[in-house]
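Here is a quick walk through how some helices and side chains fit together in one protein. Have the viewer open and follow along.

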Amino acid sequence: MEDRSGLLNDKVPLQVSGQVVQRTRLRVWFIRVCSSILVWTCLVQLIALSKLWHPQSLAPISTSKQLSVHVENTAPLLPSYPPARNYSNNGYLMIYCNGGLNQMRSEICDMVTVARLLNLTLVVPELDKTSFWADPSNFEDIFDLRHFIGSLRDEVRIVRRVPKKFGRKYGLQPLEMPPISWSNEKYYLEQILPLFSKHQVLRFNKTDARLANNGLPLELQRLRCRVNFQALKFTPQIESLGNKLIHILQQKGPYVSLHLRYEMDMLAFSGCTHGCTDEEAEHLKQLRYDFPWWREKEIVSEERRSQGMCPLTPEEASLVLQALGFGNDVQIYIAAGEIYGDERRLGPLRTAFPKTLKKEKLLDPEELRPFQNYSSQMAALDFMVSVASNIFIPTYDGNMARVVEGHRRYLGFKKTIRLDRRGLVPLLNMYENKTIPWDEFSLAVQVMHEKRMGQPILRRVIADKPKEEDYFYANPQECLCDGAGCDDLLGNGSSTVIQ
């Protein structure tokens, strides 16, 4: 018994000593692992610090270009806007933009310029919701509001709304008035600015054509361009779908954007019913009477047409395109809303040009659904496609035609064929009456438009008749070149000035 207990007592120290050895080994390994982690952490930190102090010391000289490319590609997605301009605020300017998309676009450009001139804070523009199109879109539904405010912060402060202390709740109402049309900076400085000393807030309830085309200081003209070409970006949703349309068309080859302004509103308000049935002409006339704000009620259609004041019909547009030399394989994109008479009137155009396309046919209906009840957003898609087209041809000299033409000039004088409707009408009549053969008609059309292809020219100035002179946004010449180079670009004798 004693021997057995002795054996048992001998085993206990052995077990205890083994456990001690295991624990010692674990501690050693733990210390080694922690030391390794600490060393590697210090090494990584030292390398990072060395790159901060000597960014190129670890890279060969030949990779410096690659490094710069990498830096550009990894730049933050958020845009960097210029620092805000500090100025003594003279008051708040509210504006109501009337008309369609492109008319409102030019109005916004003008009113930003007025706010800058008078050192005012501009309230985000209010868009027209009561016109024929009845589009309920707000500014931020069409344009990128954040970009608009940020990109212009070095020129003018733009706020979403007037501060509460100037609101109706406190018994204050803005002074409402329309500024005088075609006014220069002297009018705004001498007649509008003094009003802010009494009324802290003014609301312009009409802003169409309220700034002169010509005679303004160069810095104001260039600010109008900056707003138009840089600050007024469409929303990401519109940009994305517009770019998709452009990509689809470009994949198939060059394309012509035909702004076929043969739409119900244009025909009703212009009184142009050439090619319509008697029933259609009566319907358009009644529509004109249904809108009390439209002053002209009784209009002689053929008289208007002979003066070049009517859009070309789809049939006339087809003849003119063929006369200009376009083949039947060219893509024709119809940049317009619903054509009056729809496919019945588009028939001759489709027969002559089988590749006549519309956004409704190029896109899935689900893609267009979010935009369909918003005419200005649909017009924005056509605007993008027209600016990007190989050739742009408007059939009427409206706001979209002129604003798109100006954008295309800004992008390097891309070809825009400005149809001479007044000259075309007698030619079209003679050809349709078989007074002249096709060859003679075609040659006459081509000669007529040789100098109407969007080449560099100076704006036409008509003293005391600003409504009849060339539109600033169709040819913003002050923004297309600098200094002495303008003379070479525009050429001698290219201006038409009527005193």
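What follows is a tour of a few spots in this predicted model.

## Helix α7 and what surrounds it

Let's start with α7, which covers residues 218-231. Its 14 residues should span 20 Å at 1.5 Å a residue, and the C-alpha atoms at its ends are 19 Å apart, so the expected and computed spans agree.

Is this helix mostly covered or mostly open? Mostly covered: 10 of the 14 residues in α7 are buried. Leu220, Leu223, Val227 and Phe229 are among them, and so are Arg224 and Arg226. The buried residues of α7 pack against α3, α5, α6 and α17.

## Two buried residues in neighbouring helices

Two of those partner helices are worth a stop. In α3, which runs over residues 101-118, you'll find Met111. Met111 has a relative accessible area of 0%, so it counts as buried. Which residues does Met111 touch, once neighbours within four places in sequence are set aside? The contacts are Leu93, Ile95, Leu122, Tyr188, Phe204, Thr207 and Arg210. Take Phe204: along the chain it is 93 residues from Met111, yet 9.3 Å separates their C-alpha atoms.

Over in α17 (residues 399-410) sits His407. With a relative accessible area of 9%, His407 is buried, because the cut-off for that label is under 20%. Not counting residues up to four places away in sequence, His407 is in touch with Arg105, Asn228, Phe229, Phe383 and Val387. Asn228 and Phe229 are on the list of buried residues in α7.

## Aromatic pairs

Now for the rings. The model has 13 aromatic pairs. One of them joins Phe234 and Phe383 edge-to-face, with 5.8 Å from centre to centre and 80° between the planes. Phe234 is in the loop between α7 and α8, while Phe383 belongs to helix α16, so this pair ties together parts that lie 149 residues apart in sequence. Phe234 is buried at 5% relative accessibility, and Phe383 is buried at 4%.

Another pair, Trp438 with Phe441, is tilted: the ring centres are 5.4 Å apart and the planes make an angle of 45°. Why are Trp438 and Phe441 about one helical turn apart? Because they are three residues apart in helix α19. In general, an α-helix has 3.6 residues a turn, so residues three or four places apart point the same way. Trp438 is partly exposed, with a relative accessible area of 28%, whereas Phe441 is buried at 0%.

Back to Phe234 and Phe383: ring pairs link them with Phe139, Phe143 and Phe148 into a cluster.

## Charges over rings

Two tyrosine rings have a charged side-chain end sitting over them. Lys297 places its charged end over the ring of Tyr289, 5.6 Å from the ring centre. Arg402 does so with Tyr471, at 4.2 Å from the centre.

## Where α12 meets α19

How do α12 and α19 pack? Their axes are 8 Å apart and cross at an angle of about 85°. An angle from 65 to 115 degrees counts as roughly perpendicular, so that is how α12 and α19 are arranged.

On the α12 side, the meeting residues are Leu319, Val320, Gln322 and Ala323. They face Trp438, Phe441, Ser442, Val445 and Gln446 in α19. Both rings of the tilted pair, Trp438 and Phe441, turn up here again.

Conventions:
Residues are numbered from 1 along each chain as its sequence is written. This is a predicted model: local features need pLDDT of at least 70, side-chain atom pairs count only at pLDDT 80 or more; totals for chains, interfaces and linings use all residues. Side-chain values use heavy atoms; hydrogens and water are left out. Helices (H or I, at least four residues) and strands (E, at least two) are DSSP runs, numbered from the N terminus. Buried means under 20% relative accessible area, exposed over 50%, partly exposed in between (1.4 Å probe, protein chains only). Contact means heavy atoms within 4.5 Å. The expected span of a helix is 1.5 Å times one less than its number of residues. Rings of Phe, Tyr and Trp (its six-membered ring) pair if their centres lie within 6.5 Å; planes under 30 degrees apart count as stacked, over 60 as edge-to-face and the rest as tilted. A charge sits over a ring if NZ of Lys or CZ of Arg is within 6 Å of the ring centre and within 35 degrees of the ring normal. Axes are lines fitted to C-alpha atoms, for helices over the stretch in contact, and angles run from 0 to 180 degrees between N-to-C directions. Angles under 35 degrees count as roughly parallel, over 145 as roughly antiparallel, 65 to 115 as roughly perpendicular and the rest as oblique.
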